[in-house]
Structures are given as C-alpha cells and as structure tokens.
Amino acid sequence: MIQSKLPNVGTTIFTVMSKLAADLGAINLSQGFPDFDCDPALVDAVAKHMREGRNQYAPMQGVPVLRQAIAAKFGELYGASYDPETEVTVTSGGTEAIFDAVAAVVRPGDEVIVFEPCYDSYVPAVEVNGGTAVVVSLRYPDYAVPWDEVRAAITPRTKMIALNSPHNPTATILSAADMQQLASIVDGTNLTIMSDEVYEHIIFDGARHESMARHDALRARSFIVGSFGKTYHVTGWKLGYVVAPAALTAEFRKVHQFVTFSSMTPTQYAIADFLAERRGYPELAAFYQRKRDLFLELIDGSRWRPLPSRGTYFQILDYSAITGEKDMDFALRLTREHGVASIPTSAFLYRQAPPLALRFCFAKKDDTLRAAAERLVRM
Ligand SMILES: Cc1ncc(COP(=O)(O)O)c(C=O)c1O
C-alpha cells in the first residue's frame with residue numbers, strides 16, 4: 001500500500017450530494033452547474049470547427065485567437081494589458097489553472113494562506129505539492145476578511161495568498177477597501193497571489209468586480225484564474241485560463257505543459273468566436289441576478305433566512321429558525337425527506353464550527369427553482 005499524500009481527502013461533498021439527489025429523485029440545488037443548456041449557437045460553433053478539421057492538439061498555451069480574445073477582454077473590462085503570447089494560458093478548467101499556479105510556486109515546507117469557507121481544491125493542491133495551507137477564517141454571517149489576521153499569518157515561509165471573489169460558497173465579494181488592505185500587506189514582499197475569479201461576470205446590484213487586473217501592484221504578482229464553464233453554461237467542457245505577468249506565466253506553463261499539455265481544440269475556437277463578438281458575458285450578471293431575486297421572492301416569508309448574495313450563483317440560507325441540527329445532518333435529511341439537495345457549508349470549513357446554514361445553487365431553470373422553493377417554504 002502507498003502512504004496517502006492526501007489522507008484527509010475523500011469523495012467530495014458535491015459528488016455525494018449530487019448522487020444522493022439523483023438516487024432519490026430530489027431537486028438538485030447542490031452542485032454548482034446549470035440545469036439548462038448553453039446557447040445552441042455555441043454548440044454549432046464547436047461542430048463547425050470540428051467539421052473544418054480543428055481536431056488535433058492545440059498549442060500548449062492555447063489557440064492564438066482565444067488568447068487574443070482573453071487579453072482583449074481584460075483590456076476592455078479592467079484596463080489591463082496582457083500579452084497573449086507570454087501572459088495568457090488556456091487550461092482545462094479553472095481547477096487545472098489553480099493546481100498549476102500552486103504547483104509552479106509551492107515547494108515542500110512553503111505556506112499558502114487560504115480563507116475558509118474555502119473552495120475545495122485549494123488545500124489539496126497545496127498539500128500534494130508539499131506545502132501547508134494556513135487557514136484564515138471568514139466568519140459567519142458577514143464573512144468579512146480579517147486583514148489583521150492575514151497580516152499576522154504571514155511568515156518567512158509564506159509564498160502565496162489564495163483569494164476568490166466573487167466567493168464560493170458565501171457569495172460575498174472583495175471591495176475596493178479589501179484590495180487596498182491586500183496591497184498594503186503584500187507591498188515589499190515576494191508573495192504571489194492566486195486569484196480565483198471564475199465568477200467575475202456574475203456580480204450583482206451594480207457592484208464592480210475587483211479583479212487583481214485593475215490594480216497594478218496586485219496584478220504584478222497575480223495568477224488570475226477564469227473559467228468558461230461558468231460564463232457560458234458549459235461546465236462539462238472544462239475550459240479555463242490563467243493570465244499572469246510573463247515571469248509567472250513562464251513557470252506556470254512549465255507545469256501546465258506536463259499536467260494536460262493542452263486543452264480541447266474545437267471548444268477553444270468556438271469560445272474565441274463568442275468572445276470576439278462580446279457574446280454572453282455582458283448580460284450574465286443580469287441573467288443570474290434575476291434568478292437570485294426569483295428564488296428569494298419564492299422563499300420570502302418562510303423560515304429560511306437569506307444572507308446577502310452579491311455574486312456567484314449561490315445563496316446561503318440560514319435555517320436556525322427551523323432546526324438546530326448540524327448542517328451535514330440537516331442537508332441529508334432535507335434531501336431524503338423534503339426532496340431538495342443543498343451543500344452544507346462545513347464542506348468548505350477546516351477550523352471553525354459550521355453555522356446553521358446551507359448553500360443553494362440557483363443556476364437552475366425557473367421551474368426548478370419554483371419546485372424547490374415550494375418544498376422549502378413548507379418547512
Ligand atoms: C470558486 C471556484 N473555483 C474554481 C472552480 C472550478 O472551475 P472549473 O469547473 O472551470 O474547473 C469552481 C467550480 O465550481 C469554483 O466554484
């Protein structure tokens with residue numbers, strides 16, 4: 001038997017809850033994926049590129065037209081200039097991008113600061129590379145970043161800070177004031193930043209996405225991670241990217257080149273077509289804001305208490321008025337007895353006690369949200 005490098009990792013809660021929902025025929029608001037299809041024109045575009053023979057290995061760093069389109073989008077949205085040749089890399093989803101960025105930087109004994117609730121791939125990526133994740137807690141219910149604790153957590157071994165905004169699972173976003181705090185903390189250090197911005201286009205109520213790309217001092221040390229799965233309702237295509245200054249990108253590509261080498265060719269061309277025409281992403285925030293508002297309206301007056309959802313397609317609901325059960329127990333019972341699957345926030349926690357709250361995904365058809373809400377309000 002080999003000695004596990006990840007002794008604490010089992011089957012992820014997302015797999016467990018989605019399977020349970022499928023087995024029981026429950027409404028699945030657990031895992032973060034749409035239950036509606038993508039734009040049919042996007043499928044047509046992939047088919048067209050396949051028929052035209054774009055079916056062999058893409059260049060390791062991604063097809064040029066897609067890298068150019070990604071760089072153009074960063075210029076347009078954040079006023080940031082990235083060189084598509086040396087600073088943009090296409091990956092097999094945000095997950096691969098996160099792993100490669102961590103692997104490019106972290107050596108055995110190094111520390112990476114992560115925030116809990118924490119997206120589940122960060123800590124294993126750090127640990128499998130021999131590093132230690134230093135967990136700073138965002139506390140329920142406002143989940144604000146305790147910047148003093150971040151400052152105190154930095155040691156000579158700290159190599160990276162991993163951030164995520166808009167944030168899964170809390171649906172909070174980093175503010176301009178947060179960015180200032182971050183900038184002052186990293187100033188004069190060699191720290192790198194892994195900025196997971198896969199929900200960059202899903203931000204509500206007119207708020208501005210504080211991409212690291214907007215802030216020169218932060219951009220200079222950041223790997224910014226994106227995902228076309230989230231933006232184009234194609235999570236199954238596993239296509240994402242990283243933008244980072246040339247020196248960081250060079251190291252990133254050394255890893256990427258031996259993890260996947262390159263990502264699926266025809267989907268890269270199809271997404272490049274859409275990006276070039278500015279399709280999809282400009283209207284995404286309004287699209288999901290309407291779904292958020294519908295879901296909240298449907299459960300209004302019930303015993304579920306919503307926390308603010310400022311971005312992503314997640315909504316945290318406090319259930320303390322319904323039961324005092326632990327979140328995992330209640331999530332299982334909610335699925336089994338009431339037919340609605342969710343995710344307990346304890347799945348994202350390492351240190352702190354889980355609050356009485358569950359995460360629901362509203363990237364679902366209106367009918368799905370109506371059916372789920374009907375069950376939730378009865379409780
Ligand atoms: C915060 C966060 N980062 C990264 C990812 C992974 O993105 P991808 O599906 O492109 O690998 C997800 C997917 O749920 C996510 O929620």
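**View 1. The ligand takes up the space of the largest pocket.** This close-up comes from a predicted model. The pocket that holds the ligand is the largest one. Its volume is about 500 Å³. Its lining is made of 25 residues. G32, T95, Y119, K230 and K238 lie closest to the centre of this pocket.

**View 2. Thirteen residues surround the ligand: the 13 include T95, D196, S227, K230 and K238, which come nearest.** Sort the shell by class, and six residues are polar, four are nonpolar and three are charged. Which helix gives the most to this shell? Helix α4, residues 93-105, does, with four residues.

**View 3. Side chains of N168, Y199 and K230 reach oxygen atoms of the ligand.** Start with N168. An N or O atom in the N168 side chain sits 2.8 Å from a ligand oxygen. Next comes Y199. A polar atom of the Y199 side chain is 2.7 Å from an oxygen atom of the ligand. Then look at K230. The distance from an N or O atom of the K230 side chain to a ligand oxygen is 2.7 Å. How much of the ligand does the protein bury? Taken alone, the ligand exposes 400 Å², and the protein buries 92% of that.

**View 4. Helix α4 gives the largest share of the lining of the largest pocket.** That share is four residues. Two helices, α4 and α9 (228-231), each supply at least two residues of this lining. Which classes of residue make up the wall? The lining has 11 polar, nine nonpolar and five charged residues.

**View 5. The second largest pocket has a volume of about 410 Å³.** Its lining consists of 16 residues. Which of them lie nearest the centre? They are N8, V9, D120, A347 and Y350. By class, nine residues of this lining are nonpolar, five are polar and two are charged.

**View 6. Helices α1 and α5 help to line the second largest pocket.** Helix α1 spans residues 13-24, and helix α5 spans residues 122-128. Each of them supplies at least two lining residues. Which helix gives the largest share? Helix α5 does, with three residues.

Terms used: Residues are numbered from 1 along each chain as its sequence is written. This is a predicted model: local features need pLDDT of at least 70, side-chain atom pairs count only at pLDDT 80 or more; totals for chains, interfaces and linings use all residues. Side-chain values use heavy atoms; hydrogens and water are left out. A residue is near a molecule or strand if one of its heavy atoms lies within 4 Å of it. A polar contact is a pair of N or O atoms within 3.5 Å; within protein, one must be able to donate a hydrogen and the other to accept it, and residues adjacent in sequence count only if both atoms are side-chain atoms. Accessible areas come from the Shrake-Rupley method with a 1.4 Å probe; for residues, only the protein chains shown count as cover. On a 1 Å grid over the protein atoms alone, a cavity is a set of points where a 1.4 Å probe fits but cannot get out, and a pocket is an open set with protein on both sides within 12 Å along at least five of seven lines; lining residues have an atom within 4 Å of a point. A molecule sits in a cavity or pocket if more than half of its atoms lie within 2 Å of its grid points. Ala, Val, Leu, Ile, Met, Phe, Trp, Tyr, Cys and Pro count as nonpolar, Asp, Glu, Lys and Arg as charged, and the others, Gly among them, as polar. Grid points are joined across faces, edges and corners, and a volume is the space filled by probe spheres set on the points.
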